[in-house]
Amino acid sequence: MDPAERRELILSAARRAFASRPYEEVSLAEVAQEAQASEALVHKYFAGKAGLYAQVLQHAADELAERTRRADDALPEGSSARDRVRTYLDFIAERSPGWVTYQALAGHDPGDEAARVRRQAREA
């Protein structure tokens, strides 16, 4: 298999694993198994679990930036900041425990607060 394809398979497996469970519950062995690769191959492409997780987060940040840009471009001229914030909150709402864990590690608690802000933004 092409190295770029193998790397992408590993990243895809890691994205699914980290999105479904907190960081501590994901193992490189399980990511490797789902990607049909060896754990040694995962280490070849990524600097351990932390390096793999960093790549997953980078992908999510890039996706959020692109999605925000597209949503912003689609908003009518003069749209409120609240309309723009909805894009971010919708993105977070679609993410499961893995994203929440990342936010908690970064010192944020997006759970209930994000849901409250989303409700308020939609009601306005």
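# Close-up views, helix by helix

**View 1. Asp-73 and its salt-bridge partners in helix H4.** Asp-73 has a relative accessibility of 52%, so it counts as exposed (the cut-offs are under 20% relative accessible area for buried and over 50% for exposed, with partly exposed in between, using a 1.4 Å probe and protein chains only). What you're looking at is a predicted model, where local features need pLDDT of at least 70 and side-chain atom pairs count only at pLDDT 80 or more, while totals for chains, interfaces and linings use all residues. Residues are numbered from 1 along each chain as its sequence is written, and side-chain values use heavy atoms, leaving out hydrogens and water.

Asp-73 pairs up with Arg-69 in a salt bridge, and their closest N and O atoms are 2.7 Å apart (a salt bridge needs a side-chain nitrogen of Lys or Arg within 4 Å of a carboxyl oxygen of Asp or Glu). Both residues sit in helix H4, four residues apart, or about one turn of the helix. Arg-69 is partly exposed, at 41% relative accessible area. Zoom out a little and there's a network of salt bridges linking Glu-66, Arg-69, Arg-70 and Asp-73.

**View 2. The whole protein, for orientation.** The protein has seven helices and zero strands (these are DSSP runs numbered from the N terminus: H or I of at least four residues for helices, E of at least two for strands). Follow the sequence and you get the pattern α-α-α-α-α-α-α. There are 124 residues in the protein, and 30% of them count as buried. Take the contacts (heavy atoms within 4.5 Å) with a separation of 6 or more: 63% of them join residues 24 or more positions apart. The accessible surface comes to about 7,500 Å², with 52% of that belonging to carbon and sulfur atoms (areas come from the Shrake-Rupley method with a 1.4 Å probe, and for residues only the protein chains shown count as cover).

**View 3. The largest nonpolar core.** This core has 18 residues, and those with the most contacts inside it are Ile-10, Ala-14, Phe-18, Val-31, Val-42, Phe-46 and Leu-52 (a nonpolar core is a set of buried Ala, Val, Leu, Ile, Met, Phe, Trp, Tyr and Cys residues joined through side-chain atoms within 4.5 Å). Helices H1 (3-20), H2 (28-34) and H4 (48-74) each chip in at least two residues. H1 gives the largest share, with six residues. Pick out Ile-10 and, skipping residues up to four places away in sequence, you'll find that Ile-10 touches Val-31, Ala-35, Ala-37, Leu-41, Val-42, Tyr-45, Phe-46 and Leu-52.

**View 4. Arg-6, a buried charge, and Gln-36 beside it.** Arg-6 is found in helix H1. Arg-6 is buried yet has no salt bridge, and the nearest side chain of opposite charge, Glu-5, is 8.6 Å away (Lys and Arg count as positive, Asp and Glu as negative; His and the chain ends aren't counted). Apart from residues up to four places away in sequence, Arg-6 touches Met-1, Ala-35, Gln-36, Ala-37, Leu-41 and Tyr-45. One of these contacts, Gln-36, is in the loop between H2 and helix H3 (39-45). Gln-36 isn't a glycine, yet it has a positive phi of about 55 degrees. Gln-36 is exposed, with a relative accessible area of 70%.

**View 5. Helix H4 from Gly-48 onwards.** At 1.5 Å a residue, the 27 residues of H4 should span 39 Å, and the end C-alpha atoms are indeed 39 Å apart (the expected span is 1.5 Å times one less than the number of residues). The buried residues in H4 are Gly-48, Lys-49, Gly-51, Leu-52, Tyr-53, Val-56, Leu-57, Ala-60 and Leu-64. Gly-48 counts as buried because its relative accessible area is 14%. Setting aside neighbours within four places in sequence, Gly-48 is in contact with Leu-28 and His-43. Gly-48 and Leu-28 are 20 residues apart in sequence and 7.8 Å apart in space, C-alpha to C-alpha.

**View 6. Two more salt bridges.** A search of the whole structure turns up six salt bridges. One of them joins Arg-21 and Glu-30, with the closest N and O atoms 2.2 Å apart. Arg-21 is partly exposed at 23% relative accessible area, and Glu-30, at 26% relative accessibility, counts as partly exposed. Another salt bridge joins Arg-15 and Glu-8, with the closest N and O atoms 2.6 Å apart. Glu-8 counts as partly exposed, at 37% relative accessibility.
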